[in-house]
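User: Could you take me on a close look at one part of this protein? I would like to follow the strands and what packs around them.

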Amino acid sequence: MDDFSFSRDPFAAARFIPAVDGVGFMHNRLDRDTEHRDETSIPAMLANSAAGFYLFHKDTLVVEAGASESDSLRAIFDKKAAEALGADMETVIILGTDPEEGNAPRLAALIRDAAAQELEGSETYRLESVRTLGLHGLLPADQLGAIAQARGLLNWHEAHPYCSKCGTKTVVTLGGARRDCPNCSAIHFPRTDPAVIMLVLHRDDAGTERCLLAHHTRFTGPIYTTLAGFMEQGETIENAVRREVFEEAAIRVGAVCYMASQPWPFPSSLMLGCYAEALTSEITIDTTELTDAQWFTREEVKELMARGTDSALPHTPGPFSIAAWLIRSWVNTGQA
């Protein structure tokens, strides 16, 4: 164990965590100010001429294309434009205010199915998947964070309109941050589903360090990436990492080091990125989850990274995922 004293500096390790620039959905500059909202908050924001809306249909976002291919996409619309694009104002929720835009309100809403169909023939507007927007960085990083927030909230409201205790239709409160039951007074908060995602590391007797990368059964291309899985009730992050690694690859894990997290709006997960120390090295894969898993040295991983995500040969995921960040950070720590 490292000679590390919490009384000396409990934040020493965190100060050396690599920057997370380029990882999707992690940056959100909005001031949510949830605790100060009440029943007047949505009407007040709707009346504000500076209010901007993100508009969704299922897992897609309405975007406006620029005049030329070099122009960036636009994803924030004023109230008049939002209504013209088919926004259902009964679904409006508050995301927060933008401190870099004079505290302009930022809201989100669903568009009606008929409006979504009309957009299919539009030359100006289109529906773009949230995953594609993040994967290709088609919008500013801090907008992607707000979009993750919006998608998770809107999905929760769609999926949980009724009280789980008495079955009564609930009422949106706190500008969308909560639903209250008018019958039994139960209050309901949005779900966030935590999942662990871990790069497993092993050092052999000669001192060579390797990481474990796997090809998952759900992949269509030859992507090799980290292991991951949802946490279970009453489980710590550390034990979830150990359980998932053993279930998927039959490797025993000792020390677990949390590094960073990433909102994952598909629909509302939070990926908890960790490094995990392997105590054993023999791999036996769960074939329902993985098609292959191997140990790779830093030099071997650099070759995978250099191939790019379009390669027909094995490669690592693109930079927008926390899996890629964990892999890249480990590779970089071995640089002279």
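Analyst: Happy to; here is a walk along the strands, then to a helix and the nonpolar cores.

This is a predicted model, in which local features need pLDDT of at least 70 and side-chain atom pairs count only at pLDDT 80 or more, while totals for chains, interfaces and linings use all residues. Residues are numbered from 1 along each chain as its sequence is written, and side-chain values use heavy atoms, leaving out hydrogens and water.

Let's start at strand β10, residues 209-216 (helices, H or I of at least four residues, and strands, E of at least two, are DSSP runs numbered from the N terminus). Of the 8 residues in β10, 7 are buried, meaning under 20% relative accessible area with a 1.4 Å probe and protein chains only; exposed is over 50%, and partly exposed lies in between. Strand β9 (residues 193-203) pairs with β10 in the antiparallel sense through 4 bridges; two strands pair if DSSP finds at least two bridges between them. V200 has L212 of β10 as its bridge partner. The hairpin of β9 and β10 has 5 residues between the strands, and G207 there takes a positive phi near 95°. Strand β14 (residues 290-296) also runs antiparallel to β10, joined by 6 bridges, and H216 has L290 of β14 as its bridge partner.

Now for the packing. The largest nonpolar core has 47 residues, and L199 and L213 are among those with the most contacts inside it, as are Y54, F56 and L61. Such a core is a set of buried Ala, Val, Leu, Ile, Met, Phe, Trp, Tyr and Cys residues joined through side-chain atoms within 4.5 Å. Beyond its neighbours within four places in sequence, L199 is in contact (heavy atoms within 4.5 Å) with residues including C211, L213, Y275, L326 and W330. Another core, of 21 residues, lies apart from the largest one and includes V196, V241, V253 and A278.

Elsewhere, β6, β7 and β8 form an open sheet of 3 strands in that order, with antiparallel pairing. Because β6 (171-173) and β8 (187-188) each have a single partner strand, one side of each is left without a neighbour in the sheet. Strand β7 (residues 178-180) is joined to β8 by 2 bridges, with R179 partnered by H188.

Helix α5 (residues 141-159) lies across these three strands, at about 20° to β7. A148 lies in α5 and counts as buried because its relative accessibility is 8%. Setting aside neighbours within four places in sequence, A148 is in contact with F25, P263 and P265.

Note on methods: Axes fitted to C-alpha atoms, helices over the stretch in contact; angles between N-to-C directions.
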